[in-house]
Amino acid sequence: MEFTEEYEDVLQNLEYPIMNYYYQNPVLEDWDVKRALEAAIEHYRAEFANRPPKTKNLSLFEQQLSSQLITICEWRLGRVSLDEVTAMTEEYAYQFKEDDFIKTSEELQKCLKRIIKSVERWNRVGGKQGYLNFTAQFFPVP
């Protein structure tokens, strides 16, 4: 099974907060998204290494988005409730496979990296908001 098919629910779970944030902040750019994703990955690398995350000097957009992505990851790790997640993203109906809900930190990092690849690809094709504009077709405006 292809990676995007196997982890479709996780990728959707991670991309919705990105799109929700974009709809609320239309000046958000792909670069902000990429840096927020990288910060989320660093958060889990640091956790694994039992050290504090490396400082990244993130913008306010990047900090807020990274925090939301980490909340989604924490939910998929079984550490926070769905109520915390839906409150953060306006009661969006998250999709997930009940029989395969809990993911490992490594799986989540792979998903975050997969989204970074998508950001880079669509940014090359569509410019500074290429990824955001491409992905918007898959997520309704709240």
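## Exercises on helix α4 and its surroundings

E74 is found in helix α4, residues 60–76. The model is predicted.

**Exercise 1.** Determine whether E74 is buried or exposed, and find which side chain it joins in a polar contact.

*Solution.*
- Start with accessibility. The relative accessible area of E74 is 14%. Buried means under 20%, so E74 is buried.
- Next, look for a polar partner. The side chains of E74 and Y44 are joined by a polar contact of 2.5 Å.
- Then list the contacts, setting aside neighbours within four places in sequence. E74 is in contact with H43, Y44, R79 and V80.

**Exercise 2.** Compare the span of α4 with the expected value, then work out how enclosed the helix is.

*Solution.*
- Take the length. α4 has 17 residues and reaches 25 Å from its first C-alpha to its last.
- Set that against expectation. At 1.5 Å a residue, 24 Å is expected, and the span is close to it.
- Turn to burial. Twelve of the 17 residues are buried, so α4 is largely enclosed by the rest of the structure. Among them are E62, L65, I72, C73 and W75.
- Identify the packing partners. The buried residues of α4 pack against α2 (8–24), α3 (30–49), α5 (82–88) and α6.
- Check what comes after. α4 is followed by G78, whose phi is positive, near 85°.

**Exercise 3.** Classify the aromatic pair of F96 and F101, and place W75 in relation to it.

*Solution.*
- Search the whole structure. Nine aromatic pairs are found.
- Examine the pair F96 and F101. The centres are 5.1 Å apart, with 65° between the planes. An angle over 60 degrees counts as edge-to-face; the pair is edge-to-face.
- Compare accessibility. F96 is partly exposed at 32%, whereas F101 is buried at 16%.
- Add the third ring. W75, F96 and F101 form one aromatic cluster.
- Look over the W75 ring. The charged end of R76 sits there, 5.7 Å from the ring centre.
- Find another such arrangement. R121 lies over the face of W122, at 4.5 Å from the ring centre.

**Exercise 4.** Locate Q129 and find which residues it touches beyond four places away in sequence.

*Solution.*
- Place the residue. Q129 is in the loop between α6 (105–126) and α7 (130–136).
- Read its accessibility. At 17%, Q129 counts as buried.
- Go to the contacts. Q129 touches Y22, P26, V27, L28, E29 and D30.
- Consider V27. Q129 and V27 are 102 residues apart along the chain, yet their C-alpha atoms are separated by 8.8 Å.

Methods: Residues numbered from 1 in each chain as written. Predicted model: local features only at pLDDT ≥ 70, side-chain atom pairs only at ≥ 80, totals over all residues. Heavy atoms only, no water. Phe/Tyr/Trp six-rings, centres within 6.5 Å; stacked < 30°, edge-to-face > 60°. Buried < 20%, exposed > 50% of the residue type's maximum accessible area, 1.4 Å probe, protein only. Lys NZ or Arg CZ within 6 Å of the ring centre and 35° of its normal. Helix = DSSP H or I, 4+ residues; strand = E, 2+ residues; numbered from the N terminus. Polar contact = N/O pair within 3.5 Å; in protein donor to acceptor, adjacent residues only side chain to side chain. Contact = heavy atoms within 4.5 Å. Expected span 1.5 Å × (residues − 1).
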